[in-house]
Each structure stands twice: as structure tokens, then as C-alpha cells.
Amino acid sequence: MAYELLFRQTESCRSANVQNPLQAGVEVINNTLCLGTDWLLQGSQAFINLDEATLMSDFVTLLPPQHVVFEILETVKISPVLVARIQELRQQGYRFALDDFVCLPEYQPLMPLVDYIKLDVLEQPPDKTVEIIHHIRSFYKGKLLAEKVETREMFELCKAEGIEYFQGYYFARPENIANKTIKPTQLSVLELMNKVRICEDIKQIEESLRRDTVLTIRLLRFVNSASFSLAQQVHSVRQALAIIGMQSLYRWLSLLLVTASEEPTMPLLARTAACRGRICELLAKRRHDMQTQDELFITGMFSLLDALLDAPMQTILERTPVPEPVSEALLKRTGPYAPYLSLIECCENQNFAGIETSANALGLDPAEVNAVQLQALAWADGLALA
């Protein structure tokens, strides 16, 4: 009926060694899209573990709802915000399962929203398992799935108690799929993100993609995946862009940026850059028009390009054209956007006197700056960039 897709650090790993659940979640999503759900799942569904940050991110919506069931891990804290997010995703057609379910009161708000409850039958004696099944059935009308079924006896017991779905070594051992993905360079991705962000002419975006073989291959794979349920295969970049739309294209590029470098420090730098951009954008929201907000986002996000790409900022901006105020701020620390960068650096360095001075220069209240910084950190965490 389905496969459970799990993250493994290497091909030889038989258990998870997840030091960063955000990165693990985004890697599973990225690899699923790269391999293609049609080839990978062969018409079956995919159960995918999600931690809270990945669940709250936009990356999950890149996957086709008809093919995936999101497993809410037992480590996820149940909150009104989480419940609202699950309701939002359900409206888009996504389904949910509770992993390693434990009968606790805090899970009650989720009962009407989940399609499956997964019960670990290896954790307790058979008679206790029967007792738990009866208890769950007294308040839950959805589907039950017994996991870690390792013997015929346990299978027969669970089946006799009315459980519909089973998972475990009694049926099959897990397989590792070494995903030999082709990764585009960060510079290519950043250039395209810049073009999409400023709503550049779609013909120029198309031309940029056509010049990059790897990005073209990845885009066509994505658009031809089950995410879009197309009647016919798409074979041109122009058709792909018309189908995907600019918002989904930007999300997809953000996902590629996360996985574009093997350097261990890159995800942290990418997260910091994204956070800088978001702070600038949010600070400008009440005071400037949309174009200025977009340019300030670019200013913040591109302020770490020299570290991300290990190249001088001047050389990078020669290949990545940006508006004049952005260039002034990045190269000379002058112009209308420079004070925003100074403010961000003071925040990062915990320079409280500098924060107050920079905030006052921009007509901002330090409390507002603090609130915006927290919002931006939460947003960057949701992108799973580190």
C-alpha cells in the first residue's frame, strides 16, 4: 500500500543518525522529487516523517498530496499553531499519520485530523497491545497501522483485533537507495532566485535555465513528477515555467540552495543569509512599497554571498546584476539600504548600543526590531536551511 521514506546519512547506514531533523526532512523531500514519485513509488503512497519546522515550511507543498502521508513525529509539540497548519494542509489534500502513538490528552485535537495512527507493537507484551488497540478504538474511527511487526503471531493477533495495515520485518527489510543526484552550483541557483524575486521577464528566466543543463534537467523532472498530474510529458523550459508558476519556482530554488553545496558550513551561512533578508523585508513592510521590500530582502540575503561562494562581492555582483541601492549597500555600505545591514550586524553581534542607534536612525523602535528578528529566525528555521 505504501513505503515509508526515511533519511540515512550514508548507503551503509541501517538506522538514522539525524543530528539535524530539519536537514533530514528537506533531504527526503528533495530526493523524492529528484528521483520522481512515479519511479520511486510505482503507484504506491509515501509515508514521510516530519518534524515541526519541516511541517511548517513551504517545502512540504512541493510533494503531490495524492502520493504522500505526512507522519507527525512523537517529538512534535502539539499546539494551536500546529493544529492550524495541519488543517491548512488538509484543505490542500494532504493526509496525516501519528507516529509511535501514545494515548495522551494533548493529542485529542489531532484525532479528527489524522488518517492513520501508527502503533508500535514491539514496545509491550501482546496482551497490553490488545488493551491499547481497544482503547484507541473507543475514541478513534480512522485507520490503524501496526508497525514493528516481526512475527507471524503478532501479525495474526493484530489482524484479529481489526488492524488494517501492517509494517515490519515480518514482511520485508528496508532498502537503501543511493540517490546519485546532480547538484547545481549555488551561484546558478542564487542568480535565478534573484531574477524570480524581482519578477524579471519570464523570457530571461527561461534563457538562464536553458543555459544551465543541470537546472533544466532538475526542473523538467520536477514538473513531470506526480506533483502536477500532467496528462502529457513536458519537454521544454517554457512549458515548465508556465505550469510551475513563479511562487513554486522560488520555493523549488530555495530547496536546491539548501542542497547545492557539500561544505558543512554552507547550510548555516545560507540560513543566516535568508534570515538577514527576511529581517530587512519585515522592517520595511510598514514604511515602503513592495519593490523596496523586495530589494531590501535581496540586500540582506546577498550580504553573505562572498562567504557563501568564496569569492569577492565585486566579482559576484558583476555576474549577478542587482538594483543600484542594493549594490551600494553591499559594496560600499552607503545608500538608503546600508543602515539596515548595520542594524542586522549589531543584532547578530549583540551590540545593544548599536542596535538602538541604528534603529533610531531608521525611525524604528528597538522592541519592534527584536520582534522582527524573532519572526525572521522562525521563518528561516521553517526553510530548513541549517
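In this predicted model, seven strands make up an open sheet, with parallel pairing and the order β1-β2-β3-β4-β5-β6-β7. At the edges stand β1 (2–5) and β7 (165–167), each of which pairs on one side only. Direction ignored, neighbouring strands of the sheet are turned against each other by 25° on average.

One pairing can be followed in detail. Strand β3 (residues 68–72) and strand β4 (residues 95–98) run parallel and are joined by four bridges. Within this pair, Glu71 lies opposite Ala97 of β4. A helix also packs on the sheet: α5 (residues 126–137) touches β5 and β6 (143–147), and its direction makes about 165° with that of β5.

**Lys118 in strand β5**

Strand β5 covers residues 116–120 and includes Lys118. Is Lys118 buried or exposed? Its relative accessibility is 0%, and because buried means under 20%, Lys118 counts as buried.

Which residues does Lys118 touch, leaving aside those up to four places away in sequence? They are Glu4, Glu71, Leu98, Asp99, Asp100, Phe101, Leu145, Glu147 and Gln167. Among them, Gln167 also has a polar contact with Lys118, of 3.0 Å between the two side chains. Glu71, another residue on that list, is the one that stands opposite Ala97.

**Cysteines and helix α16**

How many disulfides does a search of the whole structure find? The search finds zero. Cys275 is in no disulfide, and the nearest cysteine sulfur, that of Cys347, is 9.5 Å away. A disulfide is a covalent bond between the sulfur atoms of two cysteines. For this assignment the two sulfur atoms must be within 2.5 Å, so the 9.5 Å between the sulfurs of Cys275 and Cys347 does not qualify.

Relative accessible areas are given here for two cysteines, Cys158 and Cys275.

| Residue | Relative accessible area | Class |
|---|---|---|
| Cys158 | 0% | buried |
| Cys275 | 7% | buried |

Cys347 belongs to helix α16 (residues 338–348), where it is one of the buried residues. The others in this buried set are Ala338, Tyr340, Leu341, Leu343, Ile344 and Cys346. An α-helix has 3.6 residues a turn, so residues three or four places apart point the same way. Examples of buried residues in α16 to check against this spacing are Tyr340, Leu343 and Cys347.

What sign does phi take at Gln350, just after α16? Gln350 has a positive phi, of about 55°.

Terms used
Residues numbered from 1 in each chain as written. Predicted model: local features only at pLDDT ≥ 70, side-chain atom pairs only at ≥ 80, totals over all residues. Heavy atoms only, no water. Helix = DSSP H or I, 4+ residues; strand = E, 2+ residues; numbered from the N terminus. Buried < 20%, exposed > 50% of the residue type's maximum accessible area, 1.4 Å probe, protein only. Polar contact = N/O pair within 3.5 Å; in protein donor to acceptor, adjacent residues only side chain to side chain. Contact = heavy atoms within 4.5 Å. Pairing = 2+ DSSP bridges. Axes fitted to C-alpha atoms, helices over the stretch in contact; angles between N-to-C directions.
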